[in-house]
Amino acid sequence: MASKEPDHEHREDEDAAPAEEEDTGAQIAPIIKLEEVAVSTGEENEDPMLDLSSKLYRFDKEGNQWKERGAGTVKLLKHKETGKVRLVMRQSKTLKICANHLVLPTMTVQEHAGNDKSCLWHASDYADGELKDELFCIRFASVENCKTFMQMFQEVAESQKPKEENKDASAAAGLLEKLSVDEKKTEDKAGEEKKETEATEKADTDKKDGEAASST
């Protein structure tokens with residue numbers, strides 16, 4: 001019959017206490033010394049106005065088709081000194097620049113036909129190190145993000161108009177408003193004079209009719 005008693009035999013390596021590591025006092029210097037390197041993004045003097053995840057495409061004229069530029073984050077950055085705003089987009093993993101251009105007052109953005117999450121615009125882009133006329137299409141995860149981008153893009157384009165032009169436009173609007181007020185005053189005065197003339201003529205007619213009746 002097999003014994004069910006516990007085994008009380010122990011191996012020597014289990015009973016022996018682990019040996020403590022000896023401190024030789026030697027210092028091992030690292031093979032390579034790594035120094036902290038400051039990485040410049042070129043965006044230090046700019047304030048972000050917009051930051052949205054998206055996917056960018058450019059229209060290939062030769063192939064007559066859309067080609068993907070990359071997926072990442074599109075930003076609108078306003079320079080702290082000049083006030084100019086540029087659009088910058090980098091790929092999420094490689095940080096390679098997909099788009100890099102100023103937002104100019106002549107630019108307009110419009111919805112992509114058949115896709116309310118996408119929009120289009122033309123720009124002189126500098127992403128490849130030289131200016132190129134590009135037709136871009138950007139697609140967002142939601143309709144709300146697309147509308148936010150379009151609204152901000154259009155507002156920035158309007159704000160980039162020269163101050164003199166904005167001043168002239170305001171002056172023109174003020175002049176038109178003044179002319180409208182003056183015209184209304186003139187029309188009201190003419191109406192009042194017409195009523196007074198009609199009343200005078202009616203009084204004269206009534207007077208003549210009265211005199212004729214008394215003479216008979």
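## An antiparallel sheet and the helix across it

Strand β1, residues 46-60, is paired with strand β2, residues 65-79, through 14 bridges in the antiparallel sense. The model described here is predicted. Two bridge partners illustrate the register of this pairing: D51 has K75 as its partner in β2, while D60 is matched with Q65 in β2. The two strands form a hairpin with 4 residues between them. Within that turn, N64 has a positive phi of about 55°.

### The sheet as a whole

Strand β2 also pairs with β3; the two run antiparallel and are joined by 7 bridges. Here L77 stands opposite R86 in β3. The hairpin of β2 and β3 has 5 residues between the strands, and G83 in this hairpin takes a positive phi near 80°.

These pairings belong to an open sheet of 7 strands, arranged in the order β4-β3-β2-β1-β7-β6-β5 with antiparallel pairing. The edges are held by β4 (97-102) and β5 (110-112); each has a single partner strand, so one side of each is left without a neighbour in the sheet. From one strand to the next, the twist averages 35°.

Helix α2, residues 143-159, lies across β1, β2, β3 (85-91), β5, β6 (115-125) and β7 (132-139). The helix runs at about 35° to β6.

### The nonpolar core

The largest nonpolar core has 25 residues, and the members that touch the most others are L87, W121, I138 and F149. Two or more residues are given to this core by each of β1, β2, β3, β4, β6, β7 and α2. The largest share comes from α2, with 6 residues.

The surroundings of I138 can be described in detail. Apart from neighbours within four places in sequence, I138 is in contact with S54, K55, L56, V74, M89, K117, S118, C119, W121 and F149. Two of these partners, W121 and F149, are named with I138 among the core residues that touch the most other members.

S54, one of the contacts of I138, is found in strand β1. S54 counts as buried because its relative accessibility is 9%, and the limit for burial is under 20%. With neighbours within four places in sequence left aside, its contacts are G70, A71, G72, V74, M89, I138, R139 and F140. V74 and M89 therefore appear in the contact lists of both S54 and I138.

### Salt bridges

The structure holds 10 salt bridges. Three of them are listed below with the separation of their nitrogen and oxygen atoms.

| Salt bridge | N to O distance |
|---|---|
| R58 and E134 | 3.1 Å |
| D60 and K67 | 3.2 Å |
| R69 and E134 | 3.5 Å |

The pair R58 and E134 links distant parts of the chain, since R58 lies in strand β1 and E134 in strand β7, 76 residues apart. R69 lies in strand β2 and also meets E134 of strand β7, so this pair ties together parts that are 65 residues apart in sequence. E134 thus takes part in a salt bridge with R58 and in another with R69.

The accessibility of the residues involved varies. E134 is buried, with a relative accessible area of 4%. R69 is likewise buried, at 15%, whereas R58 is partly exposed, at 21%. In the remaining pair of the table, D60 is buried with a relative accessible area of 10%, while K67 counts as partly exposed at 37% relative accessibility. D60 is also the residue whose bridge partner in β2 is Q65.

R58, R69 and E134 belong to a wider arrangement: together with D125, D128 and K132, they are linked in a network of salt bridges.

Definitions and conventions:
Residues are numbered from 1 along each chain as its sequence is written. This is a predicted model: local features need pLDDT of at least 70, side-chain atom pairs count only at pLDDT 80 or more; totals for chains, interfaces and linings use all residues. Side-chain values use heavy atoms; hydrogens and water are left out. Two strands pair if DSSP finds at least two bridges between them. Axes are lines fitted to C-alpha atoms, for helices over the stretch in contact, and angles run from 0 to 180 degrees between N-to-C directions. Contact means heavy atoms within 4.5 Å. Buried means under 20% relative accessible area, exposed over 50%, partly exposed in between (1.4 Å probe, protein chains only). A salt bridge is a side-chain nitrogen of Lys or Arg within 4 Å of a carboxyl oxygen of Asp or Glu. A nonpolar core is a set of buried Ala, Val, Leu, Ile, Met, Phe, Trp, Tyr and Cys residues joined through side-chain atoms within 4.5 Å.
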